[in-house]
2 protein chains.
Amino acid sequence: MYGAVIHAPGDVRYEERPDPTIEQPTDAVIRMVATCVCGSDLWTYRGLNPIKRPLHMGHEYVGIVEEIGADVQTLAPGDFVIGSFMASDGTCEICRAGYPSRCVNVVPMGMLGAQAERLRVPWADGTLVATPGEPDAELIPSLLAASDVLGTGWFAAEAAAVEPGKTVVVVGDGAVGLLGVLAAKARGAERIVAMSRHADRQQLAQRFGATDIVTERGDEGVARIKDLTNGLGAHSVIEAVGTQESMLQAIRSTRPGGHVGFVGVSHGVSLPGDLLFSSEVHLFGGPAPVRRDLPDLIDRIWHREIDPGLVFDLTLPLSEVAEGYRAMDERRAIKTLLMP
Amino acid sequence: MYGAVIHAPGDVRYEERPDPTIEQPTDAVIRMVATCVCGSDLWTYRGLNPIKRPLHMGHEYVGIVEEIGADVQTLAPGDFVIGSFMASDGTCEICRAGYPSRCVNVVPMGMLGAQAERLRVPWADGTLVATPGEPDAELIPSLLAASDVLGTGWFAAEAAAVEPGKTVVVVGDGAVGLLGVLAAKARGAERIVAMSRHADRQQLAQRFGATDIVTERGDEGVARIKDLTNGLGAHSVIEAVGTQESMLQAIRSTRPGGHVGFVGVSHGVSLPGDLLFSSEVHLFGGPAPVRRDLPDLIDRIWHREIDPGLVFDLTLPLSEVAEGYRAMDERRAIKTLLMP
C-alpha cells in the first residue's frame, strides 16, 4: 500500500509502505476512508521535532474495518469506525478514570501513520467506535474531525470549565481553536471571544458561535479582554497553540479562580511560578481523552447538531499529501482532508 | 503601641508603632489576643524578598474588636474575631465567586502588620468572623491557625481535589503541609503520604492522619510514590513549599488526570510546558480564600473536630518576636505563637 513518509523538514512523500497486518489479537486493520493533516504534524514538518529517520505520518482517521484480531469483541469487518489519535486499552485504571490518551498501554497512532491507505489499530475495542450505520458522505469530514481536532477542542472547553453564563476566550484560530469555539457554544457559553487576525478564520469562528473577535495580542490583547469583562478577565480560556506567548496570553486573560484549558502541544514553554501563584487560575491540559468523548461526539454529528467538518477547507487525494502539508504550512488552508 | 518591624534580613525588632485608628467607615480596630510567625514571613527574614524600608510584619491574628467604623454591620466591640490574612470587601464579583483573597479591593494584612498589640482591619465585615462566644483559652491556637495556615492547608486539599478513597501526597512538612495532612484527612482521603525527613514533623503528620511517610526526594521520591500507587502516581498532591524542587516533586508524583494543589508562595519556580502537557495534571493554587472557609473552620474547631493549633510548638510573649523568627529560621520550631 501507499502512505505518507516524512524524510526531512518540508519533505513529505507518498510512497510504498508495508501492508499492515494483525499483529496482536486485540488489533484491527482498517481501510482508510478519510484522513487529514494535523496542526501538530506541522511541528515535525517545520523541523521543530527532530526527524532522525523517515517517519510515517498522520494520526486522524475514519475507515472500514477489514480484519480483526481474535480478541476483538465490539467490532466486525465492514463496520465504519472512528478512532482516537491515541490507541488505548480501555481497561486500565487511567482509562477508567477518563484519560484514555494516557492509558498505561497507550500507542500514539502517529507512530503507525494514518496518512495511508490502510492502518493497523492496536487495542481496537478500546480505541475505535463504530457509527450506527454507513454514514452519508457529507458527514465524513465531521466524523474525521472527531478523531482528534474536534475531540481536542471539546476537551479544551471541558478543561476550561466552560459552562452556561460564562465568558470564554479562545487563544489560537487554527482548527483546534475554532472547534474550541464550537465546543464552548455547545457547552452553553454566554460570550465567546475568538482571538484571531485572519478574516477567513474569524468568519468560521463566528459561524461556530464566537460573539466577539479580538485581533490584539500580548499586553494589548489582555487589555482588550479585561475591557470586555469588567476588568476581571474571562471565566474560561482555551489555549490552542502551544507557545510561550499563547500560554501567557491565556493565563493573563483569565480571572482569579477561572480556568485555562490548554491543548496546544507545548513547544518552548516555561511558566513562571509567581505568575501561576498570583494569577490563581486553574490550569489543565494535555493530550485530549478523545476516546472517552467519541460516542457523544459521533452522536452529535450523526444528528446534525454540530458541523465540525467545516474546518476542512481543502480536500485532496491522499497521493497529494505533500501539497496538503504545504498548503497548511503556508496558511493557505486551515486543515487539509485527504481521500485515498 | 508596640509591634514587630523588620529592618533588614534577620533583624526583627519589637518597637513602638503608631496606634491604629478607624480610617474608613468599613474598618475595625482589634486588640490582639494572639498572633504568630508564618513560613512566608521567613522569605522576608531570609532576605529573599527585598526590604527597601522598615516593614511591619505579621498577617495572622485573633483578637477582640475595640472599635468599628460607621458602616460595619456584622461586628460589635467586644466580639472575639478571626480574620483572613487578606482583607476583602466580600461583595465584589471575585469574592462572590469564592476567591476573597483576590478581591478587587484586597488589602494584604501583612502591610498593616498583625504582629502587634493592635491592628486595623479594612473591610471588617468582609474579612472578620466572630466566634459564637468567648473561646476557651485552649482553643485560641487553633482559632489563630484558621487565620492563614489552616485555611491554606484546607484550600490546598480542595485544590488537589482530595476526596474519599483517594491517595494524597503532601510535599512539605512545614505547618501548612502538616495542616494539609489534617485537611486531607477531614476530606476523607484513604491514604495520606507525608514527605518529611524530620522525626517531630513526621509524628505530627501521623497524628493529623498521615498513613505513610516518605523521606526520599527527587527521582527517588517520585519512585517511592509510584511504588505506593501501582506505578501510577497519587490522585492528589498538596505542594506546600514553593520551590522548583517541590513543584516538580508534586507534579511528577501525580497520576495523569490527577490534581496538584499548590500553596507554597512561589520563589524561583519555572515550569516546563512540555512537563505540564505530558503529565496532564490539574494544577491550581495561589493565595488561599481563607475568608470563604472561616465559618466552617471555626465551627469545626469550636466543636473540637480538628486541632490545628498543634502546629504551634513554641509560645512566646509578643515582645520576644525576634526569637520567634530565629527559632523558626533555625528549624527549632515548626511555628511560633506570640501573645501580647
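In the predicted model, strand E3 (residues 28-36) of chain A is joined by two bridges to strand E19 (residues 336-339) of chain A, and the two strands run antiparallel. Within this pairing, Cys36(A) stands opposite Leu337(A) of E19(A). E19(A) also pairs with strand E18 (residues 314-317) of chain A, here in the parallel sense and over four bridges. In that pairing, Pro317(A) is placed opposite Met339(A) of E19(A). E19(A) thus takes part in an antiparallel pairing with E3(A) and a parallel pairing with E18(A).

According to the UniProt record, an unreviewed entry, residues 7-338 of chain A are covered by the annotation "domain: Enoyl reductase (ER)". The C-alpha atoms at the ends of this span lie 20 Å apart in the model. Helix accounts for 31% of residues 7-338 of chain A, and strand for 25%.

A further sheet of chain A is open and consists of three strands in the order E2-E1-E4, with antiparallel pairing. Strand E2 (11-16) and strand E4 (55-56) of chain A occupy the edges; each has a single partner strand, so one side of each is left without a neighbour in the sheet. Strand E1 (residues 2-8) of chain A is connected to E2(A) by six bridges, the two strands running antiparallel. Across this pairing, Ala4(A) stands opposite Tyr14(A) of E2(A). In a regular strand, side chains alternate between the two faces of the sheet.

In chain B, three strands likewise form an open sheet in the order E2-E1-E4, and the pairing is antiparallel. The edges are taken by strand E2 (11-16) and strand E4 (55-56) of chain B, each with a single partner strand, so one side of each is left without a neighbour in the sheet. Two bridges link strand E1 (residues 2-8) of chain B to E4(B), and these strands run antiparallel. The bridge partner of Val5(B) in E4(B) is His56(B).

Helix packing was examined next. Two packed helices are described by the angle between their axes and the distance between the axes. In chain A, helix H5 (residues 149-159) and helix H6 (residues 175-186) cross at roughly 55 degrees, and their axes come within 7 Å. H5(A) is therefore oblique to H6(A). The crossing of H5(A) and H6(A) is right-handed. H5(A) contributes Val149(A), Leu150(A), Thr152(A), Gly153(A), Trp154(A) and Ala157(A) to the contact. From H6(A), the contact involves Ala175(A), Val176(A), Leu179(A), Gly180(A), Leu182(A), Ala183(A), Ala184(A) and Ala186(A). By class, the residues of this contact between H5(A) and H6(A) comprise 11 nonpolar, three polar and no charged.

In chain B, helix H5 (residues 149-159) packs against helix H6 (residues 175-186) at an angle of about 55 degrees, with the axes 7 Å apart. H5(B) and H6(B) are therefore oblique to each other, and their crossing is right-handed. Residues of H5(B) in the contact include Val149(B), Leu150(B) and Trp154(B), while those of H6(B) include Val176(B), Leu179(B) and Leu182(B). The contact of H5(B) with H6(B) is made up of 11 nonpolar and three polar residues, with no charged residues.

Terms used. Residues are numbered from 1 along each chain as its sequence is written. Chains are lettered from A and ligands numbered from 1 in the order in which they are written. This is a predicted model: local features need pLDDT of at least 70, side-chain atom pairs count only at pLDDT 80 or more; totals for chains, interfaces and linings use all residues. Side-chain values use heavy atoms; hydrogens and water are left out. Axes are lines fitted to C-alpha atoms, for helices over the stretch in contact, and angles run from 0 to 180 degrees between N-to-C directions. Angles under 35 degrees count as roughly parallel, over 145 as roughly antiparallel, 65 to 115 as roughly perpendicular and the rest as oblique. A crossing is left-handed if the near helix is turned anticlockwise from the far one by less than a right angle, and right-handed if clockwise. Contact means heavy atoms within 4.5 Å. Ala, Val, Leu, Ile, Met, Phe, Trp, Tyr, Cys and Pro count as nonpolar, Asp, Glu, Lys and Arg as charged, and the others, Gly among them, as polar. Two strands pair if DSSP finds at least two bridges between them. UniProt positions are given in the numbering used here, feature names are shortened, and annotations may be inferred rather than shown by experiment.
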